[in-house]
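I sat down with this entry to look up how the chain is put together and what lies in its interior. My notes follow in the order in which I checked things.

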Amino acid sequence: KAVLQKAFPALTFIVVVLFSFTNCEAQSVVGKWKQVSGKNYFTPEAVKNSHGHLQDVMEMSKVDAIDDFQSDNNLIETITSGGTKTTTTCTWTQSGNKVKISIKGHETLSGIVSSNGTTLVLSVETPVSKREWTYSKI
């Protein structure tokens, strides 16, 4: 659990990368989005192998995160945690309902998007979990 909490800011950014929104229609993600909540959905195998450290569904620690998807295809994420502000810049592209985010030094991340214009649900699939964040447009 301590490892997840320490890695949360970096995981937040990575999670922002892979998207699944509440609507089926693809809409542009351009704009500023503030994180409202986050959840991890772990596979039964991950829960079993955690020796009691993981549950099927776990709320993530609240972090003050703002993701600014700019129309020039830059993404600026600002995370404030414990009085420390961290800003990361990367690039993004969108084709239909698919988004790709390129972070220097990391593999390109891909996801599926849709939005109702005011709420954004970001979902990242990993081998052991699905991480899901809810954002509101600001």
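Before looking at the interior I fixed my terms: I take a nonpolar core to be a set of buried Ala, Val, Leu, Ile, Met, Phe, Trp, Tyr and Cys residues joined through side-chain atoms within 4.5 Å. I also note that I am working from a predicted model.

**Core.** With that term in hand, I found that the largest nonpolar core holds 19 residues, and that F69, L75, W92, I101 and Y135 have the most contacts inside it. I then asked which elements give two or more residues to this core. They are β3 (64-69), β4, β5, β6, β8 (119-125) and β9 (129-137). I picked out W92 and listed what it touches beyond four places in sequence: S28, V29, V30, F69, Q70, N73, N74, L75, K100 and I101. Apart from this I noted a second, separate core of 5 residues, which includes F42, A46, L54 and M58.

**Overall make-up.** I counted 2 helices and 9 strands in the protein chain, and reading along the sequence I wrote the pattern down as α-β-α-β-β-β-β-β-β-β-β. Of the 138 residues, 38% count as buried, and the accessible surface comes to about 7,800 Å², with 53% of it belonging to carbon and sulfur atoms. Among the contacts with a separation of 6 or more, I noted that 58% are between residues 24 or more positions apart.

**Hairpins.** I next followed the strands β4, β5 and β6. Strand β4 (residues 74-81) pairs with strand β5 (residues 84-95) in the antiparallel sense over 8 bridges, and within this pairing I found T89 of β5 as the bridge partner of I76. This hairpin has 2 residues between its strands, and G82 takes a positive phi near 60° there. On the other pairing, β5 and strand β6 (residues 98-102) are also antiparallel, over 5 bridges, and S102 of β6 is the bridge partner of T91. Here too the hairpin has 2 residues between the strands, with G96 at a positive phi near 65°.

**Confidence.** Where does pLDDT stay under 50? I found one such stretch over residues 1-7, for which the model has 3 contacts beyond four places in sequence, and another over residues 16-25, for which the model has 52 such contacts. For the protein chain as a whole I recorded an average pLDDT of 80, with 80% of the residues scoring at least 70.

Conventions. Residues are numbered from 1 along each chain as its sequence is written. Side-chain values use heavy atoms; hydrogens and water are left out. Two strands pair if DSSP finds at least two bridges between them. Helices (H or I, at least four residues) and strands (E, at least two) are DSSP runs, numbered from the N terminus. pLDDT is the predictor's confidence in each residue, from 0 to 100. Contact means heavy atoms within 4.5 Å. Buried means under 20% relative accessible area, exposed over 50%, partly exposed in between (1.4 Å probe, protein chains only). Accessible areas come from the Shrake-Rupley method with a 1.4 Å probe; for residues, only the protein chains shown count as cover.
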